[in-house]
Amino acid sequence: MFDQLSSLPPDPILGLMAAYRADSNPNKIDLGVGVYKDETGTTPVMKAVKAAESRLLSTQNSKAYVGPVGLDTFNDSVAELVFGKELTRKLGARRVTFQTPGGCGGLRLAAEFIQRIKPGSRILVSDPTWANHVPLLGDAGLEIETYPYYDRGCHSIRFDEMMAVLANAGPNDLVLLHGCCHNPCGADLTTEQWQAVATLADKNGFIPFIDLAYHGLGDGLDEDAYGLRLLAETVPEMIVVNSCSKNFGLYRERTGGLSIITTSEQSSRAAASQVAAIARGIYSMPPDHGASVVAEILQDDTLRQQWDNELREVRQRINALRSQLVTALKARQVAEDFSFIEREKGMFSFLGLSVAQVQTLVTDYSVYLVDSSRINVAGINNSNIDYLADAIANVVA
Ligand code: PMP
């Protein structure tokens, strides 16, 4: 059965990581991998997570199965985190939330759910979008099309073109929107733009599908959820997938949620039964540890406060690095205007370099980034920022 198999080409990011590890240059910088890194270059376990884990270690007295929808305490507290207390109360039984194996698990589960109820449905995703959206949604059978989003030359959102394409989307279509901190471009919709999208979604009937992978890494927990909450108040049906990988630093614990909003309690109950059956058929039930940690943190005032503070530090560090990089490039009198980096949000931005310039950064300076020139801002720190700014200034000169 396996004799004729051929290997797939390696993932470019994995190749980049391997080249970075093998590089002996003491000044090497990794701006490729999409995980948060602190000033020392490590991806830390948050203190609130450690505290919750030690509580769990002493109090958890069973590892018996939980069930396909996961922990109720996680689902309830994550719904309030995503939608806010007031809106969660307002949505009532129109909203159901499921614990999923990370954001990826939530995206796939949602795609399988749509495929089950309306096979081959069209989903419009931003151009560009996170590369993994394509297999996560497309392999379930959804038909993926794109809407214009980011202008790489002007470093701004192609909003008029985006709206012109979305104007042709209707009740049989889904539109994937990044909740905040767009991956890969870092450019988020303004409040006015979210309002225009919400009005159009309501008028034309397309279903907003929000991917919220960086909640709290942009401007704040409430600020980052503005768009999705506005949509949830405006439209009758929508889907939200949230990840706890970045904002809780729980990457490998595979912790996330899928929320579905329908027009009635009855429809939500029906949707919940379908989603539970799909989860059963794929992985039976989600892993528990990360979700137990998140529930423990969100339900305890002290841990919650500690987590809020730690997340604020992450957010402030990223935003400070964005400003510092812009200042450092200005100080080197580069001809290009890099001020867009300061306006963009979250871990990622495109530097706007050509593939040849990226290759020079990698080979001549040991600055590792993907060909699109997307950088992980969190890979910058006080010790490498001058070296990085010099390298970029030399490459664009
Ligand atoms: N959506 C986007 C846009 C992401 O960047 C990521 C993580 N890189 C995810 C979803 C899913 O993350 P995870 O499965 O680790 O929670």
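What are the helix and strand percentages over residues 304-331, and how far apart are the end C-alpha atoms?

1. **Residues 304-331.** This is a predicted model. Over residues 304-331 the chain is 100% helix and 0% strand. The C-alpha atoms at the two ends of that stretch are 40 Å apart. UniProt, in an unreviewed entry, gives residues 304-331 the feature "coiled-coil region".

2. **The annotated domain.** The unreviewed UniProt entry also carries the annotation "domain: Aminotransferase class I/classII large", covering residues 27-392. Helix accounts for 47% of the chain over residues 27-392, and strand for 15%. The end C-alpha atoms of residues 27-392 are 14 Å apart.

3. **Ligand shell.** Which residues are around the ligand? They are Gly34, Gly102, Gly103, Cys104, Trp130, Asn183, Asp211, Ala213, Ser243, Ser245, Tyr251 and Gly256. Helix α5 (residues 102-117) gives the largest share of this shell, three residues. By class, the shell holds seven polar, four nonpolar and one charged residues.

4. **Cis bond at Pro184.** Asn183 is one of the residues around the ligand. The peptide bond from Asn183 to Pro184 is cis, with omega near 20°. Pro184 sits in the loop between β7 (173-178) and α8 (191-204).

5. **Cis bond at Pro128.** The bond from Asp127 to Pro128 is also a cis peptide, and its omega is near 5°. Strand β3 (122-127) and helix α6 (133-138) flank the loop that holds Pro128.

6. **Arg254.** Check the backbone here. Arg254 is not a glycine, yet its phi is positive, at about 50°. The residue belongs to the loop between β9 (238-243) and β10 (256-261). Is Arg254 buried or exposed? Arg254 counts as buried, because 22 C-beta neighbours lie inside 10 Å.

7. **Thr255.** The loop between β9 and β10 also holds Thr255. Thr255 has 31 other C-beta atoms within 10 Å, so it is buried. Beyond residues up to four places away in sequence, Thr255 touches Gly102, Cys244, Phe248, Leu250, Gly290, Ala291 and Val294. Among these, Gly102 also appears in the ligand shell. Thr255 and Asn242 are 13 residues apart in sequence. Their C-alpha atoms are 8.9 Å apart in space.

8. **Ser284.** This is another residue other than glycine with a positive phi, near 70°. Ser284 lies in the loop between α11 (265-282) and α12. Is Ser284 buried or exposed? Ser284 counts as exposed, because it has 10 C-beta neighbours inside 10 Å and the cut-off for exposed is 12 or fewer.

9. **Packing of α2 on α12.** Helix α2 (residues 47-59) packs with helix α12 (residues 289-298) at an angle of about 105°. Their axes are 9 Å apart. The range 65 to 115 degrees counts as roughly perpendicular, and α2 and α12 are therefore roughly perpendicular to each other. From α2, the residues in the contact are Ala48, Val49, Ala52, Glu53, Arg55 and Leu56. They meet Ser292, Val293, Glu296 and Ile297 of α12. The residues of this contact divide into six nonpolar, three charged and one polar.

10. **Gly216.** Look next at the loop between β8 (207-212) and α9 (221-224), where Gly216 is found. Gly216 is buried, because 25 other C-beta atoms lie within 10 Å. With residues up to four places away in sequence left out, Gly216 touches Leu221, Asp224, Asn247, Leu311 and Arg315. Gly216 and Asp72 are 144 residues apart along the chain, and their C-alpha atoms are separated by 23 Å.

11. **Asp23.** This residue is in the loop between α1 (12-22) and β1 (29-30). How many C-beta neighbours does Asp23 have inside 10 Å? The count is 15, so Asp23 is classed as partly exposed. Leaving aside neighbours within four places in sequence, Asp23 is in contact with Lys28 and Ser366. Asp23 and Pro44 are 21 residues apart along the chain, with 23 Å between their C-alpha atoms.

Methods
Residues numbered from 1 in each chain as written. Predicted model: local features only at pLDDT ≥ 70, side-chain atom pairs only at ≥ 80, totals over all residues. UniProt positions renumbered as here; feature names shortened; annotations may be inferred. Helix = DSSP H or I, 4+ residues; strand = E, 2+ residues; numbered from the N terminus. Near = placed C-beta within 6 Å. Nonpolar A, V, L, I, M, F, W, Y, C, P; charged D, E, K, R; others polar. Buried ≥ 20, exposed ≤ 12 C-beta atoms within 10 Å, placed from the backbone. Contact = placed C-beta atoms within 7 Å. Axes fitted to C-alpha atoms, helices over the stretch in contact; angles between N-to-C directions. Parallel < 35°, antiparallel > 145°, perpendicular 65-115°, else oblique.
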